[in-house]
Amino acid sequence: MSLGRAAGVSLVGLNGHIIDVEADLGGGLPAFVLLGLPDASLIEARDRIRSAARNSGVPLCPRRITVNLTPASLPKRGSSFDLALHIV
């Protein structure tokens, strides 16, 4: 089991909150799962990350990737988490 960690920032009004981004590579069918109250634009990050990885010559591994964004109680919006998701 491989675990990667990075950090991002979620803005709620004018307040910034640190978001921990943790990814786990597991067995099973290939999938990319986002947990932790992502909105629709963040769910689209799967496609943006796959495209970026493929175009940079570093394809994603064909395993189950589970990404957890904590704390789950804070809303996460937009594409600001794409870099943290790609690094992890």
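## Buried or exposed: a starting point

A residue is called buried when its relative accessible area is under 20%, exposed when that value is over 50%, and partly exposed in between. Arg-5, at 62% relative accessibility, therefore counts as exposed. Keep these three words in mind, as they come back throughout this tour of a predicted model.

## The overall plan

Let us begin with the whole chain. Its secondary structure consists of three helices and four strands. Read from the N terminus, the order of these elements is β-β-β-α-α-β-α. Three strands thus come before two helices, followed by another strand and another helix.

How does the radius of gyration of the chain fit with that of a compact globule? For 88 residues, a compact globule would have a value near 12 Å, and the chain has 13 Å, which agrees. Along the principal axes, the C-alpha atoms take up a box of roughly 40 × 25 × 20 Å.

## Inside and outside

Of the 88 residues in the chain, 27% are buried. The chain exposes about 5400 Å² of surface, and 59% of this area is supplied by carbon and sulfur atoms.

Contacts also tell us how the chain is arranged. If we take contacts between residues at least 6 apart in sequence, 71% of them join residues that are at least 24 apart. Charges can be looked at across the whole chain too: there are 9 positive and 7 negative ones, and the mean positions of these two groups are 4 Å apart.

## A salt bridge between two strands

How many salt bridges does a search of the whole structure find? There are three. One of them pairs Arg-5 with Glu-22, with 3.4 Å between the closest N and O atoms. Arg-5 belongs to strand S1 (residues 2-12) and Glu-22 to strand S2 (residues 15-26), so this pair ties together parts of the chain that are 17 residues apart in sequence.

The two partners can be compared with the cut-offs from the start. Arg-5 is exposed, at 62% relative accessibility. Glu-22 has a relative accessible area of 24%, so this residue is partly exposed.

## A network of three residues

Glu-44, Arg-48 and Asp-82 are linked in a network of salt bridges. In one link, Arg-48 pairs with Glu-44, and their closest N and O atoms are 3.9 Å apart. Arg-48 is partly exposed, with a relative accessible area of 30%, and Glu-44 is also partly exposed, at 45% relative accessibility.

In another link, Asp-82 pairs with Arg-48, and here the closest N and O atoms are 2.6 Å apart. This pair joins distant parts of the chain: Asp-82 is in helix H3 (residues 82-87) and Arg-48 is in helix H2 (residues 45-55), 34 residues apart. Is Asp-82 buried or exposed? Its relative accessibility is 16%, so Asp-82 counts as buried. Leaving out residues up to four places away in sequence, Asp-82 touches Ala-45, Arg-48 and Ile-49.

## A closer look at Ala-7

Now go back to strand S1, where Ala-7 is found. At 54% relative accessibility, Ala-7 counts as exposed. Which residues does Ala-7 contact, leaving aside its neighbours within four places in sequence? They are Ile-18, Ile-19 and Ala-84.

A distance is also worth finding in the structure. Ala-7 and Ala-23 are 16 residues apart in sequence, and their C-alpha atoms are 11 Å apart in space.

## The loop before the last helix

The final stop is the loop between strand S4 (64-70) and H3, which contains Ser-80. With 52% relative accessibility, Ser-80 counts as exposed. Ser-80 and Leu-42 are 38 residues apart in sequence, while their C-alpha atoms are 8.5 Å apart in space.

Pro-71 is found in this loop between S4 and H3 as well. Most peptide bonds are trans. The peptide bond from Thr-70 to Pro-71, however, is cis, with omega near 0 degrees.

Key
Residues numbered from 1 in each chain as written. Predicted model: local features only at pLDDT ≥ 70, side-chain atom pairs only at ≥ 80, totals over all residues. Heavy atoms only, no water. Rg over C-alpha atoms; globule rule 2.2 N^0.38 Å. Buried < 20%, exposed > 50% of the residue type's maximum accessible area, 1.4 Å probe, protein only. Contact = heavy atoms within 4.5 Å. Areas by Shrake-Rupley, 256 points an atom, 1.4 Å probe, with all protein chains shown as cover. Lys, Arg positive; Asp, Glu negative; His and termini not counted. Charge placed at Lys NZ, Arg CZ, Asp CG, Glu CD. Salt bridge = Lys/Arg side-chain N within 4 Å of Asp/Glu carboxyl O.
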